[in-house]
Amino acid sequence: MSAEENFEDELSVALRRTGDGFTAGDGDGLVAGGLARGRRRVVRRRAGAVAASTVALALVGVGGAYTAGALGGGEGHASVAAAPPAVGEAPSAAPVHADALLATFRRVLPARGRLADTAARGTDDERGPTASGVYDDGRGKAAVGIGFFQATPGDKGFSECPDKALNAYDACVTKDLPGGRLMIYQGYEYPDRREDTKHWRATLLRPDGLVVDLGTWNAPAQKGAAVSRTDPPFTPAEMRRIVTHPAWAPVLEATGKAAAGKAAAGKPVAGASGSTGKSRREPVPGGFAGAAFDGAAVWPTLLSLLPRDLTVSDRGGEDGYGYAVVDDGEGRSLVQVNAQPDMRDVEDQLFPPGGYETLPDGTKVVVRQQPGEKGGEGVVMWTVDTIRPGGYRVVVSAFNTGAQHDPATRAEPALSVEQLKALATSEQWLKLVK
C-alpha cells in the first residue's frame, strides 16, 4: 500500500495482517483482550492511523476494543477424552497451568455441549492465561475463548459499551455487580458486514483491575470460517455465569500475582493498554518527543473548534481521539480527530515528497477526498492530515453520514475542506502538549 493512501487503509492492512497471523491451527490464537487493545493503540500511533479507526478497531473488539483472537487447536492442544484436574483442585497460591485452566473452562461451560479443538495457556505463561476451543451443542459448532489480564489502573474502557456512532451492534448492556462491572455485548466480527459472523462477548472488570473476557462466535472460527448457526452458543445469562464463576478464583489470584511481579520488575503488564504504545526517541529542537500530552483533552478541543452553527447530537473519545456527530439542518455528519504528539519516525511515509502543501510555519498538509470504507451506501470521507515541525500530527475527517456503517444522510460532509483545514491547523492543539 502506498504512502499516499489514507491512514484508514493503513490501519485496515495492519489489522488484517494481525488477524491473518492467527489461524485455526495456531495454539497461540487466543489473545487476551487487553493485549489486543494495547496492539490497537500501537497500530494507531505507529502506523499513523486516525482514531476513527479506534472503532475500525472495534472490528477487532468493542468499545474499548479488544478481541479474543482466532481460536483453534495447535501446540498445547488438549484431548477431549482426557479431563485434567479442575482449577479448584490446585493450591490457590500456585500458578495455574494450562491443563487445569482448560479443565475449569470445560467445567463452567453449559453442560449441553462439548468442547473440542482446544488450546490453553496457564498463568505461568508470559503471554497471559487463556483457553479456547470449538463448542458444539448440536446446533452448530462455535468458537469460544476466555482470557484473563490486568487492566491499567483507572482504565474502565473494558466495561463500557462502544459508541453506536462508531460501531454497529445489536445490543450492549452494562451492570454493576458485587464482583465488578459487567458488559454484555452482542455484535459482529466486522460491524460493517452485519450479515457475516456474529461476535458476542462478556467482559468483567473487577475492582482490583483484573479482567475476565469471554468471546463467542456463531462460526467454528473467529475468522475465515462459514457461519454455522444463527447466534453464538451462549445466552447473555450464561455468559454472565461463565465470567463470574467462582471457579476462576485461583486463576485470578495467580494472574494478579504475576502482574504485580511484572510491575515490580518494571516489565510491561499484559493487558495494560498503551504499555507498549510509546517509542523512546531523543527530543529534537522544537519537537514534541518526551513532552507531556493531554490525550483526554482531544475531544473537548474538537468540540470547541466546531463551527457554532452546528448542532452536536453525539460526542465522545478516548486518549488522543475524539468525535462528534453534527447537523447543520441538512443531515447528520460524523467528524473525528486523532492527535499524535510525535510521528517523526513515519513522517516520510505519511507525507511523501510532492504529496503535501507546506504552510508558512512549516506544517505539512495533505487533503484527501474519497469514498467511505465501512460499508455505508453513498458515504464519502474528507480528510485533512497535518504534521508540524517536530512531528506533532493532527488528522481530521468528516463524513456525509452520522455513522460510517450507515448510508449517507446528505450529499457532502457538514464541514468543508477549508473548515477541516482550519480545524486541523488550529493553535489550540498546541495547548495539549506541555
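## Thr203 in strand 6

Thr203 lies in strand 6 of this predicted model. Because its relative accessible area is 0%, Thr203 counts as buried. The side chain of Thr203 makes a polar contact of 2.8 Å with the side chain of Asp213.

Strand 6 covers residues 198–205 and is joined to strand 5, residues 180–188, by eight bridges. The two strands run antiparallel. Within this pairing, Leu205 of strand 6 is the bridge partner of Arg181.

## The chain as a whole

The protein chain contains nine helices and 14 strands. Of its 434 residues, 56% are buried. The accessible surface comes to about 17,400 Å², and carbon and sulfur atoms account for 52% of that area.

Contacts were also sorted by separation along the sequence. Taking contacts between residues at least 6 apart in sequence, 63% join residues at least 24 apart.

## The sheet of strands 1 to 7

Strands 5 and 6 belong to an open sheet of seven strands, in the order 1-2-3-7-6-5-4 and with antiparallel pairing. Strand 1 (114–121) and strand 4 (171–177) are the edge strands, each pairing on one side only. On average, neighbouring strands of this sheet are turned by 10° against each other, direction ignored.

Two helices lie across these strands. Helix 4, residues 98–108, crosses strand 1, strand 2 (130–136), strand 3 (141–150) and strand 7 (210–217). The direction of helix 4 is at about 145° to strand 1. Helix 5, residues 236–243, lies across strand 3, strand 4, strand 5, strand 6 and strand 7. Helix 5 runs at about 135° to strand 5.

## The disulfide at strand 4

The model has one disulfide. Cys161 and Cys172 form this link, with their sulfur atoms 2.1 Å apart. The pair links distant parts of the chain: Cys161 sits in the loop between strand 3 and strand 4, while Cys172 is in strand 4, 11 residues apart. The link is left-handed, with -90° about the S-S bond.

The two cysteines fall into separate accessibility classes, with the cut-off for buried at under 20%. Cys161 has 26% relative accessibility and so counts as partly exposed. Cys172 is buried because its relative accessible area is 17%.

## The sheet of strands 8 to 14

A further open sheet is formed by seven strands in the order 8-9-10-14-13-12-11, and here too the pairing is antiparallel. Its edge strands are strand 8 and strand 11 (357–358), each of which pairs on one side only. Strand 9 and strand 10 are paired in the antiparallel sense over seven bridges. Gly322 stands opposite Val337, a residue of strand 10.

Helix 7 packs on this sheet and touches strand 8, strand 9 and strand 10. The direction of helix 7 makes about 30° with that of strand 9. Helix 9 lies across strand 11, strand 12 (364–371), strand 13 (380–387) and strand 14 (393–399). With strand 13, helix 9 makes an angle of about 35°.

## The buried residues of helix 7

Helix 7 spans residues 298–305, and its buried residues are Val298, Thr301, Leu302 and Leu303. An α-helix has 3.6 residues a turn, so residues three or four places apart point the same way.

What do the buried residues of helix 7 pack against? They pack against strand 8 (311–318), strand 9 (321–327) and strand 10 (332–340), and also against helix 9 (417–424).

Note on methods: Residues are numbered from 1 along each chain as its sequence is written. This is a predicted model: local features need pLDDT of at least 70, side-chain atom pairs count only at pLDDT 80 or more; totals for chains, interfaces and linings use all residues. Side-chain values use heavy atoms; hydrogens and water are left out. Buried means under 20% relative accessible area, exposed over 50%, partly exposed in between (1.4 Å probe, protein chains only). Helices (H or I, at least four residues) and strands (E, at least two) are DSSP runs, numbered from the N terminus. Contact means heavy atoms within 4.5 Å. Two strands pair if DSSP finds at least two bridges between them. Axes are lines fitted to C-alpha atoms, for helices over the stretch in contact, and angles run from 0 to 180 degrees between N-to-C directions. A disulfide is a pair of cysteine sulfur atoms within 2.5 Å. Accessible areas come from the Shrake-Rupley method with a 1.4 Å probe; for residues, only the protein chains shown count as cover. A polar contact is a pair of N or O atoms within 3.5 Å; within protein, one must be able to donate a hydrogen and the other to accept it, and residues adjacent in sequence count only if both atoms are side-chain atoms.
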